[in-house]
Amino acid sequence: MSSSSSSHMANGSKKPEAIENQGRLYSMKYCPFAHRVRLILTLKQIPHDIVNINLQDKPDWYFQIHPEGKVPAYVDTDDAIITDSVTIANYLDQKYPAPPLYNDKTKSRDLELLDHFSKIINTFSNCIHDKDKRQFEEIVVETKDNLQEFEEELGIRKTPFFGGNNPGMLDILMWPWFERAKALTILYKRRASLDNERFPNLVSIHLI
Ligand SMILES: N[C@@H](CCC(=O)N[C@@H](CS)C(=O)NCC(=O)O)C(=O)O
């Protein structure tokens, strides 16, 4: 369904030719935002290829696709260019409705929670890039407080995932940061995890 170059294209490289009838994701192997889109492409079985971009030495041609040179960017079969992970996810969900990733009853709350999740993304990013000078304990307390409403929402929905019995859009768009949370344990040499007593629902989804 997809092919991807494991190396990352740098300046001086030639832009790979588009493949007929396939969209293309410009990605970077470790980027959580691009990971979101890879999950959607796989789940919806959308034919695509993946071109990885070296973000330390971006190819000149890539700025014609994304003026700021960021990933992810998705180029559709009709050459439409879509940037920003959430915009791409929603675009693909509209174009390829199966399986459905939103539920009419919960969509607006999902979008609200997604917006609130950006606080957690920012904290994670600041920690990883050594920009958050606070003590580890303080960061953990704040992050847990920010996750409280997610735990409560699962309690209200009484379903294993935000999407119901299967992961939905919110689950998918949050997942890359849960998967990477263990990086904080390595970075701070302290265990960064959620406690089962306070976060039983989130722990059971994410096994962290
Ligand atoms: N809001 C964007 C954020 C994308 C983003 O920040 N990507 C990072 C890689 S993880 C990037 O391209 N960094 C390179 C740069 O800023 O020059 C999205 O959701 O797609």
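Let's start at Ala192, which sits in the loop that runs between helix H6 (182–188) and helix H7 (200–206). Keep in mind that this is a predicted model. Ala192 has a relative accessibility of 22%, so it counts as partly exposed, given that buried means under 20%. Now look across to Asp78: its C-alpha atom is 44 Å from that of Ala192, with the two positions 114 residues apart along the chain.

Stay in the H6–H7 loop for a moment, because Lys189 is there too, and with 73% relative accessibility Lys189 counts as exposed. Its backbone is worth a look: Lys189 is not a glycine, yet its phi is positive, at about 55°. Asp130 offers another case, with a positive phi near 60° in a residue other than glycine. You'll find Asp130 in the loop between H3 and helix H4 (136–157). Is Asp130 buried or exposed? At 52% relative accessibility, it counts as exposed, since the cut-off for that class is over 50%.

From Asp130, jump to Asp49. These two aspartates are 81 residues apart along the chain, and their C-alpha atoms are separated by 33 Å. Asp49 belongs to strand E3 (residues 48–53), and its relative accessibility is 7%, so it counts as buried. What does the side chain of Asp49 pair with? It makes a polar contact with the side chain of Arg24, at 3.0 Å.

Asp93 can be read along similar lines. This residue is part of helix H2 (residues 85–95), and because its relative accessibility is 13%, Asp93 counts as buried. Its side chain is in polar contact with that of Lys44, at a distance of 2.8 Å.

Past H2, the chain enters the loop between H2 and helix H3 (107–128), where Pro99 lies. The peptide bond joining Ala98 to Pro99 is cis, with omega at about -10°. Another cis peptide bond links Val71 and Pro72, and here omega is about 5°. Pro72 is in the loop between E3 and strand E4 (73–75).

That cis pair takes us straight to the ligand, as both Val71 and Pro72 are among the residues around it. The rest of the surrounding set is Cys31, Pro32, Phe33, Leu55, Lys58, Lys70, Asp84 and Ser85. Sorted by class, this shell has 6 nonpolar, 1 polar and 3 charged residues. Where does the ligand sit in terms of pockets? The space it takes is the largest pocket.

Now for the individual polar contacts. Val71 uses its backbone: one of its backbone N or O atoms is 2.9 Å from a nitrogen atom of the ligand. Lys58 uses its side chain instead, with an N or O atom there 2.5 Å from a ligand oxygen atom. Ser85 also contributes through its side chain, where an N or O atom is 2.6 Å from an oxygen atom of the ligand. How much of the ligand does the protein bury? Taken alone, the ligand exposes 510 Å², and the protein buries 71% of that.

So Val71 is a good place to end the walk: Val71 is joined to Pro72 by a cis peptide bond, and its backbone has an N or O atom 2.9 Å from a nitrogen of the ligand.

Methods
Residues are numbered from 1 along each chain as its sequence is written. This is a predicted model: local features need pLDDT of at least 70, side-chain atom pairs count only at pLDDT 80 or more; totals for chains, interfaces and linings use all residues. Side-chain values use heavy atoms; hydrogens and water are left out. A residue is near a molecule or strand if one of its heavy atoms lies within 4 Å of it. A polar contact is a pair of N or O atoms within 3.5 Å; within protein, one must be able to donate a hydrogen and the other to accept it, and residues adjacent in sequence count only if both atoms are side-chain atoms. Accessible areas come from the Shrake-Rupley method with a 1.4 Å probe; for residues, only the protein chains shown count as cover. On a 1 Å grid over the protein atoms alone, a cavity is a set of points where a 1.4 Å probe fits but cannot get out, and a pocket is an open set with protein on both sides within 12 Å along at least five of seven lines; lining residues have an atom within 4 Å of a point. A molecule sits in a cavity or pocket if more than half of its atoms lie within 2 Å of its grid points. Ala, Val, Leu, Ile, Met, Phe, Trp, Tyr, Cys and Pro count as nonpolar, Asp, Glu, Lys and Arg as charged, and the others, Gly among them, as polar. Helices (H or I, at least four residues) and strands (E, at least two) are DSSP runs, numbered from the N terminus. Buried means under 20% relative accessible area, exposed over 50%, partly exposed in between (1.4 Å probe, protein chains only).
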